[in-house]
Amino acid sequence: MTRVSYLAAGGALFGLIALAFAVGRYPVSMAELLSVLLGQEVRPNVETVILQVRGPRVLAALLVGAALAAAGTAYQGMFRNPLVSPDILGVSTGAALGAVLGIFLSQGIVFIQFAAFIGGLAAVGLVYWIGSRLRGHDPLLALVLTGVVIGTLLGSAIALLKYLADPYNQLPAITYWLLGSLASISPKDLLVAAPFALAGLVPMILLRWRMNLLALPDDEARALGVDVRRLRILVVGCATLMTASAVAISGIIGWVGLLIPHAARLLVGPDFGRLLPLSMLLGAAFLLAVDTLCRTIATIEVPPGVLTALIGTPFFLWLFALARRPW
């Protein structure tokens, strides 16, 4: 079953990549796509569309989808809760506040992305610092509750900045960013975001067998020789790096980190070593499919954050009905 799931996910991802390059306002045939990939001469318009317009966007969808799915898988395993998503500790809200502040100050896109990345890291750092000092409480519960409270506080700051923003220039840009988009991705954005996403992913892959132990009670994990506190800090840091790097270049795109780990867990079970790679494949395929729909189903582009919610809600309920075994 595991091998079949991997093959099916990989085949679907490959087909979606080809479809994403082919469809759009300027259609591209498979022969033209292969010619560009093989370095053969084609019409200049075709080469521009594939390499400069759709190429970065497809790669960004793959990176963001895989990063959010991997972060959601790690958080759900660590917190032993299937309702946990990558923004549970306030990383998305912190990144949103940083980006909104950059737009409010009329800064350029580089500063906005940098502010979003730093805002996400700072929010999670604050949540972990406060949660670790709440003595007499379950550490995981303290983190979740602190994340909810800090997220609400940061959301209020975002609402205040939206109220104070220029309604003709700044407010539309803020609203557009908060809905998420992959339309303006450039190769430079990918070069900046990819190393941070990989810096979060590589430790998880190397320590994937230890991740399974975080699903056990802390006393049992310590009895097996695992420093639970240090491992938990490492997982939070890695998941935050991946989420912040994704949100910085795409804005807030929900449901990927919540929905995809559920689907992967139904296919290969809860073992983190098998679950993480499949979640990344499914997350990349899901967001690429959503982004392709967003730019083709209407004359104007639909924000991915809207479509992921419309698709994710019924799909999540369907997966929840299928999962009759205890999580």
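Helices here are DSSP runs of H or I with at least four residues, numbered from the N terminus. With that numbering in hand, Trp255 sits in the loop between α11 and α12 (256-268). Keep in mind that this is a predicted model. Let's tour helix α11, the loop after it, and a few other spots along the chain.

**Helix α11**

- Helix α11 takes in residues 228-250, so it is a run of 23 residues under the DSSP numbering.
- From its first C-alpha to its last, α11 reaches 33 Å, close to the 33 Å expected at 1.5 Å a residue.
- Most of α11 is covered up, with 18 of its 23 residues buried.
- Ala246 is a residue of helix α11.
- Ala246 has a relative accessibility of 4%, and because buried means under 20%, it counts as buried.
- Who does Ala246 touch? Leaving out residues up to four places away in sequence, its contacts are Val64, Ala67, Leu68 and Gly251.
- Ala246 and Ala66 are 180 residues apart along the chain, but their C-alpha atoms are separated by 9.3 Å.

**Just after α11, and some positive phi angles**

- Most residues other than glycine have a negative phi.
- Right after α11 comes Gly251, and its phi is positive, near 80 degrees.
- Trp255 is not a glycine, yet its phi is also positive, near 80 degrees.
- Is Trp255 buried, exposed or partly exposed? Its relative accessible area is 27%, so Trp255 is partly exposed.
- Ser106 is another residue other than glycine with a positive phi, this one near 60 degrees.
- You'll find Ser106 in the loop between α4 and α5 (109-132).
- Ser106 counts as exposed because its relative accessibility is 55%, and the cut-off for exposed is over 50%.

**Two more loop residues: Ser85 and Leu38**

- Ser85 belongs to the loop between α3 and α4 (91-104).
- Being in a loop doesn't settle whether a residue is covered, so check the number: Ser85 has a relative accessible area of 15%, which makes it buried.
- The side chain of Ser85 makes a polar contact with the side chain of Asp87, at 2.4 Å.
- Not counting residues up to four places away in sequence, Ser85 touches Tyr75, Gly257 and Leu258.
- Leu38 is in the loop between α2 (30-37) and α3 (44-79).
- Is Leu38 buried or exposed? Leu38 is exposed, because its relative accessible area is 63%.
- Leu38 joins Leu34 and Leu37 in a nonpolar patch on the surface, and together they have about 340 Å² of accessible area.

**Leu179 in helix α7**

- Leu179 is part of helix α7, which covers residues 170-179.
- At 35% relative accessibility, Leu179 counts as partly exposed, because that value falls between the 20% and 50% cut-offs.
- Which residues does Leu179 touch, not counting residues up to four places away in sequence? They are Ile252, Pro303, Pro304, Gly305 and Val306.
- Leu179 and Ile297 are 118 residues apart in sequence, and their C-alpha atoms are 17 Å apart in space.

Notes
Residues numbered from 1 in each chain as written. Predicted model: local features only at pLDDT ≥ 70, side-chain atom pairs only at ≥ 80, totals over all residues. Heavy atoms only, no water. Expected span 1.5 Å × (residues − 1). Buried < 20%, exposed > 50% of the residue type's maximum accessible area, 1.4 Å probe, protein only. Patch = residues over 30% accessible without salt bridge, like charges linked within 9 Å, V, L, I, M, F, W, Y side chains within 5 Å. Areas by Shrake-Rupley, 256 points an atom, 1.4 Å probe, with all protein chains shown as cover. Salt bridge = Lys/Arg side-chain N within 4 Å of Asp/Glu carboxyl O. Polar contact = N/O pair within 3.5 Å; in protein donor to acceptor, adjacent residues only side chain to side chain. Contact = heavy atoms within 4.5 Å.
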